[in-house]
Amino acid sequence: IDGIPCFQLGYAVLPEKRGQGRARDLVNAAIAEMRNGFRRAGVMRFYIEAIAGEGNVASNRVAVTTISKTFELITDAFSGQPANRYLRLIELS
């Protein structure tokens with residue numbers, strides 16, 4: 001995006017493990033690892049993007065708490081269904 005790397009984030013949790021904060025913890029750990037690795041590589045800015053189906057309440061909740069409280073309404077390129085696009089710029093110092 002405007003010359004800044006953008007990485008799409010996806011997550012899934014087994015039905016019996018849902019509701020325990022595992023996806024949220026995984027996303028936060030992945031972002032922390034990306035921050036560390038990219039800083040070492042000299043990449044000081046990058047975007048994280050998540051696409052969640054409009055009706056996928058759990059995935060939207062994870063994206064709102066970890067990526068962005070705002071989203072863009074889109075049509076998912078793969079399913080053709082309405083979806084929410086969450087985008088977050090990570091800037092390292």
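A residue counts as partly exposed when its relative accessible area falls between the buried range, under 20%, and the exposed range, over 50%. With a relative accessible area of 31%, Phe7 is therefore partly exposed. Keep that in mind for the close-ups below, which all come from a predicted model.

**View 1. Phe7 and Phe38 make a stacked pair.** A pair of aromatic rings is described by the distance of the centres and the angle of the planes. Here the centres of Phe7 and Phe38 sit 5.1 Å apart, and the planes are at 25 degrees, so the pair is stacked. The two partners come from distant parts of the chain: Phe7 belongs to strand β1 (residues 6-8) and Phe38 to helix α1 (residues 22-41), with their positions 31 residues apart. The structure holds 4 aromatic pairs, and this is one of them.

**View 2. Phe7 and Phe46 meet edge-to-face.** Stay with Phe7 and look at its pairing with Phe46. Their ring centres are 6.3 Å apart and the planes stand at 75 degrees, so this pair counts as edge-to-face. Phe7 is in strand β1, while Phe46 is in strand β2 (residues 45-53), so the pair ties together parts that are 39 residues apart in sequence. Phe46 has 0% relative accessibility and counts as buried, whereas Phe7 is partly exposed at 31%. Put Phe7, Phe38 and Phe46 together and you have one aromatic cluster.

**View 3. Four strands line up in an open sheet.** Strands of a sheet pair through backbone hydrogen bonds, either parallel or antiparallel. In this sheet the order is β1-β2-β4-β3, and the pairing is mixed. β1 and β3 (72-75) are the edge strands, each pairing on one side only. On average, neighbouring strands are turned by 35 degrees against each other, direction ignored. Zoom in on β1 and β2 and you'll find them running parallel, joined by 3 bridges. Gln8 stands opposite Glu49 of β2. Helix α2 (residues 57-66) lies across β2 and β4 (82-91), and runs at about 25 degrees to β4.

**View 4. Arg85 shares itself between two glutamates, Glu49 and Glu72.** Side chains of opposite charge can pair when their charged atoms come close. Arg85 forms a salt bridge with Glu49, where the closest N and O atoms are 2.4 Å apart. Arg85 is in strand β4 and Glu49 in strand β2, so this pair ties together parts that are 36 residues apart in sequence. Glu49 is buried, with a relative accessible area of 13%. Arg85 also meets Glu72 in a salt bridge, at 3.2 Å from N to O. With Glu72 in strand β3 and Arg85 in strand β4, that pair ties together parts 13 residues apart in sequence. Glu72 counts as partly exposed, at 42% relative accessibility. Glu49, Glu72 and Arg85 are linked in a network of salt bridges.

**View 5. Arg24 and Asp25 join their side chains in a salt bridge.** The structure holds 3 salt bridges, and one of them is between Arg24 and Asp25, at 3.2 Å from N to O. Arg24 is partly exposed, with a relative accessible area of 37%, and Asp25 is partly exposed too, at 42%.

**View 6. Asp2 has a positive phi.** Asp2 sits in the segment before β1. Its phi is near 50 degrees, a positive value in a residue other than glycine. Asp2 is exposed, with a relative accessible area of 77%.

Notes. Residues numbered from 1 in each chain as written. Predicted model: local features only at pLDDT ≥ 70, side-chain atom pairs only at ≥ 80, totals over all residues. Heavy atoms only, no water. Phe/Tyr/Trp six-rings, centres within 6.5 Å; stacked < 30°, edge-to-face > 60°. Helix = DSSP H or I, 4+ residues; strand = E, 2+ residues; numbered from the N terminus. Buried < 20%, exposed > 50% of the residue type's maximum accessible area, 1.4 Å probe, protein only. Pairing = 2+ DSSP bridges. Axes fitted to C-alpha atoms, helices over the stretch in contact; angles between N-to-C directions. Contact = heavy atoms within 4.5 Å. Salt bridge = Lys/Arg side-chain N within 4 Å of Asp/Glu carboxyl O.
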